[in-house]
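Let's look at how a few labels are earned, one value at a time. Have the sequence and the 3D view ready.

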Amino acid sequence: MTQSWGPRPPDTADGAEWRPALDIPAPGPQRRWTVLLRWLLLIPQYIVLTLLGIAAFFVTVAGWFAALFTGRLPDPIASFLGKYLAYETRIVASSMLLVDRYPPFALTAPDYPVQIELRPTTLNRLAVLFRLILMIPAAIIANLVASGWFALCWIFWIIGIVLGRQPEPVFGASAAVARYRMRFGAYASMLTPVYPKGLLGDQQGTKAEPAAGAAPPEARSATRPLLLDTTAKVLIWAFLVLGLAVQIVARTAPSADEHDYRGLANPVQVVHPVGRS
């Protein structure tokens with residue numbers, strides 16, 4: 001597994017595009033009782049993550065000004081934001097039933113099965129200036145796919161309890177969502193200049209693939225490369241469609257004030273609460 005943040009490497013001569021990488025082991029048996037109580041057990045983690053997120057917000061603002069003038073994130077800022085993103089990704093992977101091991105309360109966890117790899121590099125100042133605008137499309141996709149996954153997560157939860165593991169297509173689709181979310185977080189916090197990509201997995205025949213006749217690179221983990229079958233890709237499209245439906249319903253449902261106003265004219269009514277992702 002890779003470290004969450006390493007020393008600043010020299011610029012590559014070939015100018016190859018580096019995408020933040022996520023390493024998760026292949027799906028294996030999970031203890032059913034931890035699957036049953038997974039989201040309850042992770043409540044303390046999310047409390048800590050929220051507190052760290054407040055600090056990460058202000059550090060990101062400071063990093064934005066630094067990157068705007070220097071074209072790079074200062075190493076202390078990049079290191080903290082990279083470790084925060086790694087910590088968040090570990091919690092997300094656990095909550096999505098991708099791993100059974102409980103994440104530690106630590107920014108650095110080199111022995112944990114979920115790792116990310118970031119390679120700091122120079123940033124385009126113009127892209128930094130308009131980062132909030134540029135990341136809107138990726139933010140929409142990340143929100144839709146996360147909402148769609150949340151709409152189906154109870155099915156994955158039941159499958160995990162019954163089978164004691166996640167089927168390969170469910171694992172692959174969930175890992176793709178977790179990786180896209182991680183890449184979006186890296187782009188939003190200026191840890192990478194590369195726009196979030198790879199929601200449908202890694203494709204064959206890209207620049208990262210070996211030349212004809214060359215030996216293929218050894219797989220680093222089950223998600224590196226992340227090769228999805230048709231079922232996993234269909235699941236991802238279902239996440240997007242369901243996420244869009246959830247957002248439409250959430251925005252078109254009458255608010256509490258509207259219900260109260262209508263109740264003055266029609267005191268007999270049933271209010272159906274709408275869950276938000």
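Buried means under 20% relative accessible area, exposed means over 50%, and partly exposed is in between (1.4 Å probe, protein chains only). This is a predicted model, where local features need pLDDT of at least 70 and side-chain atom pairs count only at pLDDT 80 or more, while totals for chains, interfaces and linings use all residues. Residues are numbered from 1 along each chain as its sequence is written, and side-chain values use heavy atoms, leaving out hydrogens and water.

Q: Why does Arg119 count as partly exposed?
A: Its relative accessibility is 37%, and partly exposed is the label in between the two cut-offs, so the name fits.

Q: What makes Glu117 buried?
A: Glu117 has a relative accessible area of 13%, and buried is the word for values under the lower cut-off, so Glu117 qualifies.

Q: Why is the meeting of Glu117 and Arg119 called a salt bridge?
A: A salt bridge needs a side-chain nitrogen of Lys or Arg within 4 Å of a carboxyl oxygen of Asp or Glu. The side chains of Glu117 and Arg119 meet at 3.3 Å, N to O, so the pair passes. Salt bridges that share partners join these two with Asp23 and Arg224 into one network.

Q: How do you know that Arg224 and Asp23 form a salt bridge?
A: Their side chains meet at 3.0 Å, N to O, so this pair fits the definition too. Arg224 lies in a loop between helix H8 and helix H9, and Asp23 in strand E1, so the pair ties together parts 201 residues apart in sequence. Helices (H or I, at least four residues) and strands (E, at least two) are DSSP runs, numbered from the N terminus.
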